Amino acid sequence: MAEGNRRSTRGIATLLASLSALGPFSIDTYLPSFHEIGEKLQATPLEVQQTLSAYLFSFALMTLWHGAISDRFGRRKVILVAVGLFAVASAGCMLATRIEQLWFWRAMQGVTAGAGIVISRAIVRDLFDGAEAQRLMSQITMMFALAPAVAPVIGGWLQTLFGWRSVFAFLVLATGVLWLACWKLMPETLPPEKRQSLRPAYLASTYWKVMTSPAFLTACAALALNFSGFFIYILSAPVFLMTHLGVPETGFLWLFGPAMAGLIGGSWLSGRLAGKVQLSRTIAIGYAVMGSAAGINLLLNIALPPGLPWSVLPIFLYTLGMSLAMPCLSLFALDPFPAQRGLAASCQTFFQSGFNGITAALIAPALWGSTLTLSLGMAGLMLVGGSAALLHQRLRLVPR
């Protein structure tokens, strides 16, 4: 690849990674503020937790539409509108005086945040195929992984120095900078002649085709379950770190540092393997690493009391395997629908974020009572995800 093309690819990867990271960043930044939000808004811990569920469920619902809208009006215009509205919703969170108001504005954040991750995936497939698409997807995942690592650290210090409202003020400023970068640098990758209709009949038939595709559904299930094996720790971070491990509000890097180091390492390795190792083989290696991590995690929790660093080290290994498999599974999910990549990316993100909402509302609260139950949750979710990936591979081998 020529040096100019490398710089261009890195530039678009950085911008797409920033857009993809907007959603996860707005999840993780305010986690250290849960206790003060409950005190200041006179809300119970469960009511504060529901601000996260409101975000995740609205995120999931709207992701069904971001891709179809971008298939009709183009990628750039939809991105600019969504990022601008996200900044408005962040300002609403900052000014909330009751927990019900925070629920509403967090839901509005969720409605707009999904555009970045959905449309970024569609842009990758607009620009590249094969190994090049895998490399770009891996670069995005690698850079995107930095956001959740940095977010709770920033949030912890903002919380300590200025209080919970400063976290959302920071999101307003950061989103404003991102909007300016998109306005100046974001190319339009979907020419007018390739745009799709928003007619209800066309949309209904296309959504049905995507959502009833067994290969698509199994790839999405594998992605969602793999991620939830790690996401239960993110959602449980205040309890896992502060209650079980005795970490202060400024010590969230104990969890997010190893986790994101694994994400970055796995994404880098996936990019290096692109074009050299078959996608299915890369996925198998990823599952071998995740399985080892889940087994080690269980053994450590059975043999030792909760403590640092052994309670967080398996998370590094798990995210390494997860991010190694993730770009390949994402490409497998989108490949059957070359003419409707935005809509297919919407459906993929809908399944991912919808299961994230279930994880936040039901699975994580049921597991965060001890580090052992969390490790059991990681192992169980990974095993079911592996079964879905295996079924997907068998479906791909069936002659059409």
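1. Terms for the lining. Ala, Val, Leu, Ile, Met, Phe, Trp, Tyr, Cys and Pro count as nonpolar, Asp, Glu, Lys and Arg as charged, and the others, Gly among them, as polar. By that split, the lining of the second largest cavity has five nonpolar residues, one polar and no charged. Please keep in mind throughout that this is a predicted model.

2. The cavities. There are two cavities of 30 Å³ or more. The second largest cavity holds about 30 Å³ of space. Its lining consists of Leu223, Asn226, Phe227, Met322, Met326 and Leu329. Two elements give two or more residues each to this lining: helix 10 (214–235) and helix 14 (313–334). Asn counts as polar because it falls among the others, outside the nonpolar and charged lists.

3. Overall fold. The chain has 16 helices and zero strands. Its radius of gyration is 20 Å, close to the 21 Å that the globule rule gives for 400 residues, so the chain is as compact as a globular protein of that length. The C-alpha trace spans about 55 × 45 × 45 Å along its principal axes. Of the 400 residues, 55% are buried.

4. Helix 14 and Gly321. Gly321 belongs to helix 14. Is Gly321 buried or exposed? Its relative accessibility is 0%, so Gly321 counts as buried. The cut-off for buried is under 20% relative accessible area. Gly321 also takes part in a contact across the sequence: Gly286 is 35 residues away along the chain, yet the two C-alpha atoms are 4.1 Å apart.

5. Helix 10 and Leu217. Leu217 sits in helix 10. With 29% relative accessibility, Leu217 counts as partly exposed. Which residue is paired with Leu217 at 175 residues along the chain? That partner is His392, and the C-alpha atoms are separated by 8.4 Å.

6. Helix 16 and Leu381. Helix 16 covers residues 371–397 and includes Leu381. Leu381 has 11% relative accessibility, so it counts as buried. Leu225 is 156 residues from Leu381 along the chain, but their C-alpha atoms are separated by 5.4 Å. Leu225 falls within the 214–235 range of helix 10.

7. Aromatic pairs. The structure holds 13 aromatic pairs. One of them joins Phe350 and Phe351: the ring centres are 5.6 Å apart and the planes stand at 70°, so the pair is edge-to-face. The angle decides this, because planes over 60 degrees apart count as edge-to-face. Both numbers are needed: a pair of aromatic rings is described by the distance of the centres and the angle of the planes.

8. Accessibility of that pair. Phe350 is partly exposed, at a relative accessible area of 25%. Phe351 is partly exposed too, at 28% relative accessibility. Partly exposed lies between the buried limit of 20% and the exposed limit of 50%.

9. The aromatic cluster. Which residues form one aromatic cluster? Tyr30, Phe34, Trp164 and Phe168 do. Tyr30 has a further partner in Arg106, which lies over the face of the Tyr30 ring at 4.2 Å from the ring centre.

10. A second charge over a ring. The charged end of Arg72 sits over the ring of Phe73. The distance to the ring centre is 5.0 Å.

Technical notes:
Residues are numbered from 1 along each chain as its sequence is written. This is a predicted model: local features need pLDDT of at least 70, side-chain atom pairs count only at pLDDT 80 or more; totals for chains, interfaces and linings use all residues. Side-chain values use heavy atoms; hydrogens and water are left out. Rings of Phe, Tyr and Trp (its six-membered ring) pair if their centres lie within 6.5 Å; planes under 30 degrees apart count as stacked, over 60 as edge-to-face and the rest as tilted. Buried means under 20% relative accessible area, exposed over 50%, partly exposed in between (1.4 Å probe, protein chains only). A charge sits over a ring if NZ of Lys or CZ of Arg is within 6 Å of the ring centre and within 35 degrees of the ring normal. On a 1 Å grid over the protein atoms alone, a cavity is a set of points where a 1.4 Å probe fits but cannot get out, and a pocket is an open set with protein on both sides within 12 Å along at least five of seven lines; lining residues have an atom within 4 Å of a point. Grid points are joined across faces, edges and corners, and a volume is the space filled by probe spheres set on the points. Helices (H or I, at least four residues) and strands (E, at least two) are DSSP runs, numbered from the N terminus. The radius of gyration is taken over C-alpha atoms; the globule rule is 2.2 Å times the number of residues to the power 0.38.
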